[in-house]
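Colleague: Could you walk me through this one? I would like to start with how the helices pack and then look at a few individual residues.

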Amino acid sequence: MCDTCGCGQPGNKFSIRKPGEENTGHDHEHNHKYEHTHDHVHDGKTHTHEHTHEYSHSHDHTGHDHTHDHSHEHHDHTHDHDHSHGTRISVEQDVLHKNDLLAERNRGFFEAKNIFTVNLVSSPGSGKTTLLEKTILNIGKDLDFYIIEGDQQTMNDADRIKAAGAPVIQVNTGSGCHLDAEMISKAAKELNISDNSVLLIENVGNLICPSMFDLGEAKRVVIISVTEGEDKPLKYPYMFNSSDICIINKTDLLPYMDFDIEKLKEYALRINHHLEIIELSAKTGEGMDSWYNWIKEQTAK
């Protein structure tokens with residue numbers, strides 16, 4: 001879980017702001033718990049030693065002033081035996097458990113206010129933002145849309161959504177490669193979402209880490225464009241297995257691409273046979289009615 005990229009490590013900062021706002025005035029505190037278990041084998045016997053480290057991080061972004069408070073609890077162990085027989089060190093991070101608890105809290109909040117929440121995930125450049133723009137422009141008169149944009153940096157996508165006519169807030173994850181439940185909780189409160197509305201979350205472009213982080217959404221939609229290759233479901237099975245809908249976007253480019261759309265659907269359904277597939281072009285509008293009807297049907301429920 002994010003062991004390579006380090007996005008789950010202590011000290012990562014994120015900012016939340018609306019278009020036109022300065023990146024100031026947001027305090028975020030992250031608490032992480034790390035448990036280390038050391039098993040030492042000596043004379044045929046296994047000796048287990050546990051270490052717990054707790055980190056508390058307070059981030060004050062006002063005026064770009066950052067304060068970090070670190071508290072460490074260590075347990076000293078004296079070993080009177082030779083470790084030359086081998087040491088196995090396992091490191092467990094309780095990040096996902098904490099995230100799942102916050103996600104359930106988010107889900108309860110959304111259900112209580114009758115907010116239909118969708119988590120849009122994909123690789124970079126699949127057309128998520130264009131899909132959102134067209135959705136707002138074409139059925140925004142029928143449904144109240146609110147948007148949470150996730151990117152590592154910039155307000156570009158949030159500015160596009162604002163121009164399309166929907167309330168939007170941007171979450172910049174910094175070095176993080178996904179949104180998490182805490183970010184959604186804070187962003188949703190600042191966005192002040194109305195009851196009986198639709199919240200569309202555009203996750204950071206990435207088909208790996210976002211698959212493991214529940215945000216409290218009702219549905220997860222994975223988007224793939226015909227420019228990416230039909231074997232994406234096989235390469236990233238966890239994302240496709242955890243999704244409810246697969247949108248195949250940019251179908252207007254099929255005549256110019258060496259792309260087998262039937263093979264893509266075969267692979268996707270092999271990973272998740274419950275997956276509903278919608279083919280469309282957000283640019284030309286072809287097939288978009290199927291997407292619009294799906295949203296309206298879900299909100300009607």
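**Helix packing and buried residues**

Modeller: This is a predicted model, and a good place to begin is helix 2, where Leu131, Lys134, Thr135, Asn138 and Ile139 meet Met288, Trp291, Tyr292, Ile295 and Lys296 of helix 8. Sorted by class, that contact has six nonpolar, two polar and two charged residues.

Colleague: At what angle do the axes of helix 2 and helix 8 cross?

Modeller: The axes cross at roughly 70° and come within 11 Å, with helix 2 covering residues 128–139 and helix 8 covering residues 288–300. Since angles of 65 to 115 degrees count as roughly perpendicular, helix 2 is described as roughly perpendicular to helix 8.

Colleague: And is helix 2 roughly parallel or roughly perpendicular to helix 3?

Modeller: For helix 2 and helix 3, the latter being residues 156–164, the axes come within 9 Å and cross at roughly 15°, which makes helix 2 roughly parallel to helix 3. The crossing of these two helices is right-handed. On the helix 2 side the contact is made by Thr129, Thr130, Leu132, Glu133, Ile136 and Leu137, and on the helix 3 side by Asp157, Arg160, Ile161 and Ala164. By class, the contact of helix 2 with helix 3 has five nonpolar, two polar and three charged residues.

Colleague: Which residues of helix 2 are buried?

Modeller: In helix 2 the buried residues are Lys128, Thr129, Leu131, Leu132, Glu133, Thr135, Ile136 and Ile139. As background, an α-helix has 3.6 residues a turn, so residues three or four places apart point the same way.

Colleague: How far apart are the end C-alpha atoms of helix 2?

Modeller: The end C-alpha atoms of helix 2 are 16 Å apart, and this agrees with the expected span, because 12 residues at 1.5 Å a residue should also give 16 Å.

Colleague: Moving on, how do helix 1 and helix 4 pack?

Modeller: Helix 1, residues 95–112, packs with helix 4, residues 181–191, at an angle of about 30°, the axes being 8 Å apart, and the crossing of helix 1 and helix 4 is left-handed. From helix 1, Asn99, Leu102, Ala103, Asn106 and Phe110 meet Ala181, Glu182, Ile184, Ser185 and Ala188 from helix 4. By class, that contact of helix 1 with helix 4 has six nonpolar, three polar and one charged residues.

Colleague: Now the strands. Is Val221 buried or exposed?

Modeller: Val221, which is found in strand 9 (residues 219–225), is buried, because its relative accessible area is 0%, and buried means under 20%. Leaving aside neighbours within four places in sequence, Val221 is in contact with Val118, Asn119, Leu120, Val121, Ile245, Ile247, Trp291 and Trp294. The C-alpha atoms of Val221 and Cys246 are separated by 5.9 Å, although the two residues are 25 residues apart along the chain.

Colleague: What does Ile169 touch?

Modeller: Not counting residues up to four places away in sequence, Ile169 touches Ile16, Arg17, Lys18, Ile147, Ile148, Glu149, Ala187, Glu190 and Leu191. Ile169 lies in strand 7, residues 168–172, and counts as buried at 0% relative accessibility. The C-alpha atoms of Ile169 and Ala187 are 6.8 Å apart, with these positions 18 residues apart along the chain counted as a separation.

Colleague: Last one: how many helices and strands are there in the chain?

Modeller: The chain has eight helices and 11 strands, and 49% of its 301 residues are buried. Of the contacts in the chain with a separation of 6 or more, residues 24 or more positions apart account for 70%.

Key: Residues are numbered from 1 along each chain as its sequence is written. This is a predicted model: local features need pLDDT of at least 70, side-chain atom pairs count only at pLDDT 80 or more; totals for chains, interfaces and linings use all residues. Side-chain values use heavy atoms; hydrogens and water are left out. Axes are lines fitted to C-alpha atoms, for helices over the stretch in contact, and angles run from 0 to 180 degrees between N-to-C directions. Helices (H or I, at least four residues) and strands (E, at least two) are DSSP runs, numbered from the N terminus. Angles under 35 degrees count as roughly parallel, over 145 as roughly antiparallel, 65 to 115 as roughly perpendicular and the rest as oblique. Contact means heavy atoms within 4.5 Å. Ala, Val, Leu, Ile, Met, Phe, Trp, Tyr, Cys and Pro count as nonpolar, Asp, Glu, Lys and Arg as charged, and the others, Gly among them, as polar. A crossing is left-handed if the near helix is turned anticlockwise from the far one by less than a right angle, and right-handed if clockwise. The expected span of a helix is 1.5 Å times one less than its number of residues. Buried means under 20% relative accessible area, exposed over 50%, partly exposed in between (1.4 Å probe, protein chains only).
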